[in-house]
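Hi,

Here is the structure I promised to pass on. Have a look at it first, and then read on for my notes.

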Amino acid sequence: MARKIVLCGAGFLGSSIATAVSRANNTAGVLRRIQVSSRDPDRVYRKLKETLPQDHLLPPVPVDVTKRDTLTHAFDNADAVVSLVGILHGSPAQFEAIQWRGAENVALAAATVGAKLVHISAIGADPSSKIPYARTKALGEKAILSHCPNATIIRPSLIFGPGDGFFNRFAELSRYLPVLPVFGNGATRFQPVYVGDVGRLVEILTRDNSESDLGVGTDGKIIEAGGPDILTFRQVMELVVRYTGRYRPIAPMPWKVGELQGTILQRFPTNIFTITRDQIEQLKIDNVVTSPTPHSNVDFKRFMEAHGCSLTSVHEVLPHYLR
């Protein structure tokens with residue numbers, strides 16, 4: 001009997017997860033059929049129909065994570081639910097409604113139908129943070145595990161790949177700015193993880209048996225997902241310059257100037273230049289995998305290697321899509 005996998009949320013990462021599950025169907029003994037569910041799932045569904053076999057997809061079902069009744073219907077008969085609930089911009093109330101209470105609604109609905117839940121959070125999730133994004137990510141994790149103790153939480157660093165919102169954004173900015181700024185001295189560290197690797201991780205976790213070959217289960221565990229490269233903010237900008245072929249000086253910008261810029265720009269409609277005061281605060285904190293791996297976590301690199309997957313370097317992918 002086919003298994004039903006619901007992607008609650010879609011877009012960049014959701015499309016990669018759907019592709020990974022579909023590819024694995026070609027070698028797996030059990031067909032997993034993918035249902036895209038979000039406020040407007042039709043756009044992603046139409047795009048997936050162009051590349052995935054028709055029998056790997058179920059009709060899309062609209063949902064609103066702030067309305068629990070829409071979720072229970074969408075999750076009916078689901079074997080696994082992948083929660084991609086999250087926003088980058090918004091008021092504190094919006095972050096709470098979506099990343100905390102919305103994630104809790106997803107967990108309650110998944111528990112109702114008995115589905116395995118995989119939740120995408122973020123490195124830096126912290127219940128005591130003053131930054132609404134980081135605080136509500138952590139509160140969402142706590143709510144999920146309270147209702148679905150066997151859920152698996154994935155905390156990725158920056159996710160890169162064709163269509164990403166990080167490297168592509170700075171590549172686009174390099175078309176307009178004579179200088180690429182780095183806040184502080186550009187020393188904040190990132191550990192970018194390839195979208196295809198995260199997609200493959202979720203594919204493994206949504207199988208019938210997602211235990212690693214190391215004998216370590218993933219139920220109730222956190223997986224911090226970072227790639228093989230650790231880069232400073234300045235090195236990120238150097239890669240943008242290198243792989244776009246557009247030379248731009250890289251200049252440090254004092255944190256105070258960045259904070260002022262964020263205070264002003266967050267008042268305008270979101271555009272390529274948008275950055276918020278809270279995002280400036282986040283840029284002061286390293287975004288890398290905790291080392292050594294805590295006992296409550298599963299080591300991402302070892303888990304993937306146990307399943308025959310090596311992690312992808314930025315140098316293998318960036319040259320093929322940065323323009």
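Which residues make the nonpolar surface patch of about 300 Å²? They are L260, I264 and F268. Keep in mind throughout that this is a predicted model. The middle name in that trio, I264, sits in helix α9, residues 255-265, and is partly exposed at 42% relative accessible area.

While you're looking at α9, check its charged side chains too. E259 and K256 meet there in a salt bridge, 3.8 Å from N to O. They are 3 residues apart in the helix, so about one helical turn separates them. The two ends sit in contrasting surroundings: E259 is buried at 7% relative accessible area, whereas K256 is exposed at 65%. Both also belong to a salt-bridge network that links K256, E259, R277, E281 and K284.

In total I have 18 salt bridges for you. Among them is R39 with D64, at 3.4 Å from N to O. R39 lies in the loop between β2 (32-37) and α2 (42-49), and D64 in the loop between α2 and α3, so this pair ties together parts 25 residues apart in sequence. Here again burial is split, with R39 exposed at 62% relative accessibility and D64 buried at 13%.

Another one is R189 with D286, at 3.1 Å from N to O. This pair links distant parts of the chain, 97 residues apart: R189 is in strand β8 (residues 189-190) and D286 in the loop between α10 and α11. Both partners count as partly exposed, R189 at 34% and D286 at 36%.

Now the rings. There are 10 aromatic pairs. One of them is F95 with Y133, edge-to-face, with 6.2 Å centre to centre and 85° between the planes. It joins helix α4 (residues 92-113), which holds F95, to helix α5 (residues 132-147), which holds Y133, across 38 residues of chain. F95 is buried at 4% relative accessible area, and Y133 is buried as well, at 16%. Elsewhere, F160, F166, F167, F170, F183, F190, Y194, F233 and W255 form one aromatic cluster.

If you're setting up the cysteines, how many disulfides does the structure hold? The count is 0. Take C8: its sulfur is 12 Å from the closest cysteine sulfur, in C148, which is too far for a bond. C148 is likewise in no disulfide, and the nearest cysteine sulfur to it is that of C8. C8 is buried at 2% relative accessible area, and C148 is buried with a value of 2% too.

Two backbone details to look at as well. The peptide bond from S291 to P292 is cis, with omega near -5°; P292 is in the loop between α10 (277-282) and α11 (300-306). N77 has a phi near 70°, a positive value in a residue other than glycine. You'll find N77 in the loop between α3 (68-74) and β3 (80-83), where it counts as exposed at 61% relative accessibility.

Last, helix α1, residues 11-25. Its 15 residues reach 21 Å from first C-alpha to last, close to the 21 Å expected at 1.5 Å a residue. This helix is mostly covered, with 11 of its 15 residues buried, including L13, I17, V21 and N25.

Cheers

Note on methods: Residues numbered from 1 in each chain as written. Predicted model: local features only at pLDDT ≥ 70, side-chain atom pairs only at ≥ 80, totals over all residues. Heavy atoms only, no water. Helix = DSSP H or I, 4+ residues; strand = E, 2+ residues; numbered from the N terminus. Expected span 1.5 Å × (residues − 1). Buried < 20%, exposed > 50% of the residue type's maximum accessible area, 1.4 Å probe, protein only. Patch = residues over 30% accessible without salt bridge, like charges linked within 9 Å, V, L, I, M, F, W, Y side chains within 5 Å. Areas by Shrake-Rupley, 256 points an atom, 1.4 Å probe, with all protein chains shown as cover. Salt bridge = Lys/Arg side-chain N within 4 Å of Asp/Glu carboxyl O. Disulfide = S-S within 2.5 Å. Phe/Tyr/Trp six-rings, centres within 6.5 Å; stacked < 30°, edge-to-face > 60°.
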